[in-house]
Amino acid sequence: MRNIQGWTSLCFTAGLVGGLAGSVLLWMAGSYGWTAAMQVNLAPQWTLGWLFPRLIWGGLWGLLFVPRFLPRSVFWRGLCVSLAPTLAQLLVAFPEDPDKGLWGLGLGVLTPVVVLVVNAVWGWVAALWLALADDAPKGFSRLR
């Protein structure tokens, strides 16, 4: 996609879709007791108040895909970009709440692993969405 506004919009949408995938994973992990089995106190309730900010933040973090200097591989591109929201969560958001602390260790020793995996899924889904959507206009060009 050559148009910067279109590419930026696509990156935001990819981040939003990735945010939905990561949210579903985290909700499932909490609902099915996976996080409790890891002794991590993360079991969110599926509500709009919980989901909506995650989607918006996912879209905003998706703007990190706008520069095209990242690896072309969906796996590595998604993983590289996912490190930014992971570090922000662990080093900025969690320490704001005294109960969670630095790295979110107040929620359990394996909290950083859970955050890393959930954000990696966000990054992979967003990168895959971008890869698929970036090729789509070529197939639809005959419809104009």
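Accessible areas here come from the Shrake-Rupley method with a 1.4 Å probe, and for residues only the protein chains shown count as cover. The model is predicted: local features need pLDDT of at least 70 and side-chain atom pairs count only at pLDDT 80 or more, while totals for chains, interfaces and linings use all residues. Residues are numbered from 1 along each chain as its sequence is written, and side-chain values use heavy atoms, with hydrogens and water left out.

**Exercise 1. The chain as a whole**

Task: Describe the accessible surface, the elements and the span of the protein chain.

Solution.
- Step 1, surface. The accessible surface of the protein chain is about 8,600 Å², and carbon and sulfur atoms hold 70% of that.
- Step 2, elements. The chain has 5 helices and 0 strands, in the order α-α-α-α-α from the N terminus. Helices (H or I, at least four residues) and strands (E, at least two) are DSSP runs, numbered from the N terminus.
- Step 3, span. The C-alpha trace extends about 55 × 25 × 25 Å along its principal axes.
- Step 4, burial. Of the 144 residues, 34% count as buried. Buried means under 20% relative accessible area, exposed over 50%, and partly exposed in between (1.4 Å probe, protein chains only).
- Step 5, contacts. Among contacts with a separation of 6 or more, 68% join residues 24 or more positions apart; contact means heavy atoms within 4.5 Å.

**Exercise 2. Two buried residues**

Task: Place V115 and T35 in their helices, and list what each is in contact with beyond four places in sequence.

Solution.
- Step 1. V115 lies in helix α5, residues 111-140. V115 counts as buried because its relative accessible area is 7%.
- Step 2. With neighbours within four places in sequence set aside, V115 is in contact with T86, Q89, L90 and F94. Between V115 and L83 there are 10.0 Å from C-alpha to C-alpha, and 32 residues in sequence.
- Step 3. T35 sits in helix α2 and, at a relative accessible area of 3%, is therefore buried.
- Step 4. With the neighbours of T35 treated likewise, its contacts are A29, G30, V40, L42 and V114. T35 and T111 are 76 residues apart along the chain, with 8.7 Å between their C-alpha atoms.

**Exercise 3. The loop between α2 and α3**

Task: Are Q39 and N41 buried or exposed?

Solution.
- Step 1. Q39 belongs to the loop between α2 (34-37) and α3 (48-62), and N41 also has its place in the loop between α2 and α3.
- Step 2. Q39 counts as exposed because its relative accessibility is 66%. N41 is exposed as well, because its relative accessible area is 60%.
- Step 3. Phi of Q39 is near 60°, a positive value in a residue other than glycine.
- Step 4. N41 and L107 are 66 residues apart in sequence, yet 4.9 Å apart from C-alpha to C-alpha.

**Exercise 4. From α4 to the loop before α5**

Task: Which residues make the nonpolar surface patch, and where do L102 and W103 stand?

Solution.
- Step 1. L87, L91, V92, L102, W103 and L105 make a nonpolar surface patch of about 540 Å². Patches take residues with over 30% relative accessible area and no salt bridge; like charges are joined within 9 Å, and nonpolar side chains (Val, Leu, Ile, Met, Phe, Trp, Tyr) within 5 Å.
- Step 2. L102 is in the loop between α4 (74-96) and α5; W103 is in the loop between α4 and α5 too.
- Step 3. W103 is partly exposed because its relative accessibility is 34%. Its phi is near 65°, a positive value in a residue other than glycine.
- Step 4. C80 is found in helix α4 and, at 37% relative accessibility, therefore counts as partly exposed. From C80 to A14 there are 66 residues in sequence and 15 Å in space, C-alpha to C-alpha.

**Exercise 5. Charges**

Task: How many salt bridges does the structure hold, and how far apart are the mean positions of the positive and negative charges?

Solution.
- Step 1. A salt bridge is a side-chain nitrogen of Lys or Arg within 4 Å of a carboxyl oxygen of Asp or Glu. The structure holds 1 salt bridge.
- Step 2. The side chains of D97 and K100 meet in a salt bridge at 3.9 Å, N to O.
- Step 3. D97 counts as partly exposed because its relative accessibility is 27%; K100 counts as partly exposed because its value is 28%.
- Step 4. Lys and Arg count as positive and Asp and Glu as negative, with His and the chain ends not counted. Each charge is placed at NZ of Lys, CZ of Arg, CG of Asp or CD of Glu.
- Step 5. The mean positions of the 9 positive and 5 negative charges are 19 Å apart.
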